[in-house]
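Open the model in your viewer and colour it by secondary structure. The tour moves from one strand to its partners, then into the core.

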Amino acid sequence: MGAAALTYKAPQLLFLEGNLALKERAEREPKPFDAVCLTFHDLESEDIVLQNIFYLLEDGYNPISVRDICNHYSGLDDLSGEKSFLVTLDDGLKSQKHALTAVSYIERVRGEQVPLLFAVMAFNSVSRDDEIALDSPTYVESGPPSNNSHEYFTKADLLAILGNGQHDLANHTLNHANLPTLTKKNLQGELEITQSRIKQLYLEAERREGPPNVLIYPYGEFNDRVIAEVKRQGFEIAFSTEESSHHTTETRYHLGRTGRT
Ligand SMILES: [Zn+2]
């Protein structure tokens, strides 16, 4: 009985000590770090994703998830001094299913998990009869823009991606909006509506941790006004398309990424 009580208490103590250490770390300024953030759009096959990931793995880079970057900025993790990479895929395009095939292959042959971050628009997750009340110049009646021929992930596709437990979704706005050009109201709506849609998807997929608070700027476009709104809505980090793999406190809301397709 005594021994059982001891073994019961020990994890709690460890947990408390761990929490104190985390709190101390959180009070420190996050250090600059280097992480290659790859961006893919349309994919013809899994080849280009495989080539890029294999190249980085062979070169000693470790795959990280977007949550690792959030944790770095909140002081829960420290990525400085590490060679790491993150794979992002923009626009919720159906052809990006090839990336899923690529990473399950890598897991099979190398035993390494490569988390993917899919930047999706809200219209990926709504049906045509859904009501979205937003008076936006780019508002497209909850369907993809009619002037392009891309095929997009459906809600079912996104739920399947989330069901894997390893990949995440990032906010890419409601309508792929050029954020600096929007009115205050539309700027707020483009971010808020999409984030609440993504939250709903995580709930439906029974992902307990909820979505990361991460924004990926359409066209990589942002300005000070956009960043102020991004912070106000509680986003932890945001990605641009600046070609840089060096990240600092100053670049937290416009992290660089390297385009691949
Ligand atoms: Zn985009």
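Two strands count as paired if DSSP finds at least two bridges between them. Keep in mind that this is a predicted model.

**Stop one: β3.** Select residues 84–90, strand β3. Buried or exposed, what are the residues of this strand for the most part? Mostly buried: six of the seven.

**Stop two: β1.** Add residues 33–40, strand β1. β1 and β3 run parallel and share six bridges. To see one pairing, show threonine 39 and its bridge partner in β3, threonine 88.

**Stop three: β2.** Now select residues 62–63, strand β2. β2 is parallel to β3 and is joined to β3 by two bridges. Asparagine 62 sits opposite serine 84 of β3. Next, follow the chain out of β2: it passes through helix α3, residues 66–74, before reaching β3. This β-α-β crossover is right-handed.

**Stop four: β4.** Select residues 116–120, strand β4. Four bridges link β4 with β3, again in the parallel sense. Valine 87 has leucine 116 in β4 as its bridge partner. From β3 the chain reaches β4 by way of helix α4, residues 97–110. That β-α-β crossover is right-handed.

**Stop five: the core.** Centre on leucine 86. Which residues does leucine 86 contact, beyond its neighbours within four places in sequence? They are Ala35, Cys37, Ile64, Val66, Ile69 and Leu117. Leu86 belongs to the largest nonpolar core, which has 58 residues. Finish by selecting the members that touch the most others: Leu86, Ala99, Phe118, Ala170, Leu215 and Ala238.

Definitions and conventions. Residues numbered from 1 in each chain as written. Predicted model: local features only at pLDDT ≥ 70, side-chain atom pairs only at ≥ 80, totals over all residues. Core = buried A, V, L, I, M, F, W, Y, C linked by C-beta atoms within 7 Å. Buried ≥ 20, exposed ≤ 12 C-beta atoms within 10 Å, placed from the backbone. Contact = placed C-beta atoms within 7 Å. Right-handed = clockwise from strand over helix to strand, strands pointing away.
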